[in-house]
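Biologist: I would like to learn how to read burial and ring pairing in a model. Could you take me through the ideas one at a time?

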Amino acid sequence: MIHFEWPWLLTALPLPLLIRWLFPANTPMEQAALKVPFMDDFSEGQTRAVSQTRQWPLLLAAIAWCLLVIACTRPQWLGEPIEQAVSGRDLMLAVDLSASMQEQDFIINKQPVDRLTATKGVAGDFINRRIGDRLGLILFGTQAYLQTPLTFDRKTVLTLLNESVIGLAGDNTAIGDAIGLAVKRLKNQPANSRVLILMTDGANTAGEVSPLKAAELAAASQLKIYTIGIGADEMIVRSFFGNRKVNPSRDLDENTLVKIAESTGGRYFRARNTDELDNIYMLLDKLEPVEKDKQYFRPRSELYYWPLSLALGLSAFICLSRVRLS
């Protein structure tokens, strides 16, 4: 189906005729030359030939004008309607990039990987499932900054998450600042649809706002926070003196994360391995389900360049022909 974005521009079609009527061409003065009888037939035939020669450039110019006006109306080809689920939920992800996230206490394909790599893999699947949600991404370390504002473009959010690296925002952990930034970015969005998923493996060691104070601000603005504590409870460390067990998550402040979640109506989750982390995101899909309301949109393809190209081609042909005739 062809659609014209600016159909009112079709009113410009009679513009050349209007200009011709308002500003008629100057009529050459009749020549009072001596007429020769036997030259009349020759003169009339020559005039008729010249008149026919001048008609086809005028016709081509009229066609070129019509094509140019059609191009200005911005014709578009509308594709078949595509169904799109829209939930209206504004969901922000806050990911810890502090130095402790490089601890390799997760296993993927029987290979040890750091916590950030495991988070990227599982969170990526979660992002792909959130069809219809507006997603945003906050990265925090010593400082918190907005990496991706709220958008329906899940591919961009996933790409920027995968491009994040440990230490990009500093080596410390500013949990309070991350929550405060989420509150600021979501405060103008509709209430009862604001969700923050905060993933960290440590305690608040930096920032200007304490986590509990930031949680109070979040609760006042109706921002629901789900907190996820990342890191294994125990890990075998090999050394010169043999193997020993250590707790790589000894710095994780679970009490604060629990209080943050409870004060905002969310929940706290503990992810000790990739399976638990994946199950947490599956549970989040159930707690914050994607709505079934659907909207439709029709993809559009621009067509203006076709009539524009033809109009320019005809104009060039007319100009070249007049040069040759002259």
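Modeller: Let us start with a definition: a residue is called buried under 20% relative accessible area, exposed over 50%, and partly exposed in between. The model here is a predicted one, and in it Tyr305, with 40% relative accessibility, counts as partly exposed, whereas Trp306, at 54%, counts as exposed.

Biologist: How are the rings of Tyr305 and Trp306 arranged as a pair?

Modeller: An aromatic ring pair is described by the distance of the centres and the angle of the planes. Tyr305 and Trp306 form a tilted pair, with 5.5 Å centre to centre and 40° between the planes, and ring pairs link these two with Tyr304 into a cluster.

Biologist: Which parts does the pair of Phe126 and Tyr281 tie together?

Modeller: That pair is tilted, at 4.8 Å centre to centre and 40° between the planes. Because Phe126 lies in helix 3 and Tyr281 in helix 8, the pair ties together parts that are 155 residues apart in sequence. Phe126 is buried, with a relative accessible area of 1%, and Tyr281 is buried as well, at 0%.

Biologist: Which residues touch the most other members of the largest nonpolar core?

Modeller: In soluble globular proteins, nonpolar side chains tend to be buried together. Here the largest nonpolar core has 32 residues, and those touching the most other members are Val95, Leu137, Ile197, Ile228, Tyr281 and Leu284. Helix 3 gives the most to this core, with 6 residues. Beyond its neighbours within four places in sequence, Leu284 is in contact with Phe126, Arg130, Ile197, Tyr226, Ile228 and Phe269.

Definitions and conventions: Residues numbered from 1 in each chain as written. Predicted model: local features only at pLDDT ≥ 70, side-chain atom pairs only at ≥ 80, totals over all residues. Heavy atoms only, no water. Core = buried A, V, L, I, M, F, W, Y, C linked by side-chain atoms within 4.5 Å. Buried < 20%, exposed > 50% of the residue type's maximum accessible area, 1.4 Å probe, protein only. Helix = DSSP H or I, 4+ residues; strand = E, 2+ residues; numbered from the N terminus. Contact = heavy atoms within 4.5 Å. Phe/Tyr/Trp six-rings, centres within 6.5 Å; stacked < 30°, edge-to-face > 60°.
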